[in-house]
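User: I should like a close look at one part of the structure shown here. Please give a connected account that a first-year student can follow.

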Amino acid sequence: MLPWLSSPLPTFPSTDTALDSPNGLLAAGGELSPVWLIEAYRLGIFPWFNDDPILWWSPDPRMILLPEQFKQRRSLTKRLRHGGFHVTVDQHFEQVIQACAAPRDEEAGTWITDEMREAYNLLHFQGIAHSIEVHQDEKLVGGLYGIAMGPVFFGESMFSRAPDASKVALAHLAKAMRDHGGRLIDCQMHTPHLASLGAITVARASFINYLKNWLPDDAFTQASSSAEAPIVPASPWLHAIGAENNAY
C-alpha cells in the first residue's frame with residue numbers, strides 16, 4: 001500500500017521503497033509548503049501530480065546533466081552568438097512558470113497546477129526557486145525554472161516560443177555552473193530531448209549519493225514550522241548567468 005503522509009513536518013519513507021511501476025512513486029499526501037518541498041528535493045524526491053492528492057516520486061534510474069557534459073552543437077552556438085537573445089535571471093519568474101504550465105500541442109493538460117504555481121512562487125519569493133529567462137526583440141520567448149541549493153539545480157520545466165530558446169536558457173545555466181562551482185542539474189525523468197543535450201541516466205542510489213555529498217545535513221538550517229523555509233546553501237553561480245550573454 002502506498003504510504004500516506006500526514007505528519008505536521010515532512011517525514012518521507014526511504015526512496016528504496018519507491019514502486020517499480022509506476023516507476024518511482026513513493027508516497028501520497030503531505031504539503032507543498034517550503035519545508036516539505038526542500039526536504040523532498042534534498043532527499044531526491046519531487047512532487048508530480050495532476051489532481052489531489054499530492055504524489056511524491058523518486059524514479060530509478062534518474063536523469064541528470066553534469067554541466068561539463070552539456071552538448072552544445074554548432075547550430076546552438078550560432079544561435080547563442082547571433083540569435084539576438086538576451087538572458088536574465090529571476091526577472092519574470094511568474095511568467096516563466098505560467099508559460100511552462102501552458103498545455104503543449106501534444107498534451108491535453110498540464111501537471112503544473114495552480115497549487116504548484118503558488119508553491120513555487122512562494123519558494124521564489126524566499127530566494128530558493130529561480131527562473132532563467134530568454135528574451136528576443138524585448139519579448140519573453142523561452143526559459144526554465146527550478147530549485148537551487150548549493151552546487152545543485154533541480155530543474156522543473158522549460159518552454160520555448162522561438163527556435164532553441166529553451167536550449168539557450170539551459171546552455172547559460174550549464175556554463176555558469178561549470179565555470180563557477182555548480183556540479184549537477186537534476187532532470188528527473190529521461191527524455192530523448194535532454195539526452196541529446198548530454199543528460200544521462202544514473203541509478204537512484206548514485207543520485208542520492210551525489211546529494212549526500214554536495215548537500216550535507218549541516219549545510220541546512222531547519223525551519224521551526226511548516227510555514228517557514230529552511231535556510232539552504234547558497235548558489236553563487238546563479239549570479240554569473242545574466243553576466244555571460246556574450247561568452248560563447
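Which residue stands opposite M158 in β9?

Analyst: The residue opposite M158 in β9 is L144. The model is predicted, so local features need pLDDT of at least 70 and side-chain atom pairs pLDDT 80 or more, whereas totals for chains, interfaces and linings use all residues. Residues are numbered from 1 along each chain as its sequence is written, and side-chain values use heavy atoms, without hydrogens and water.

Strand β9 (a DSSP run of E, at least two residues, numbered from the N terminus) spans residues 152-160. Seven of its nine residues are buried (under 20% relative accessible area, with a 1.4 Å probe and protein chains only), so the rest of the structure largely encloses β9.

Strand β9 pairs (at least two DSSP bridges) with β8, residues 139-149, through eight bridges, and these two strands run antiparallel. Two residues lie between the strands in the hairpin of β8 and β9. In this hairpin, G150 takes a positive phi near 55 degrees.

Strand β9 also pairs with β10, residues 184-188. Three bridges join β9 and β10, and here the strands run parallel. Within this pairing, V152 stands opposite L184 in β10.

The strand can thus be followed through its two pairings: β9 runs antiparallel to β8, with L144 opposite M158, and parallel to β10, with V152 opposite L184.

Key: Buried < 20%, exposed > 50% of the residue type's maximum accessible area, 1.4 Å probe, protein only. Helix = DSSP H or I, 4+ residues; strand = E, 2+ residues; numbered from the N terminus.
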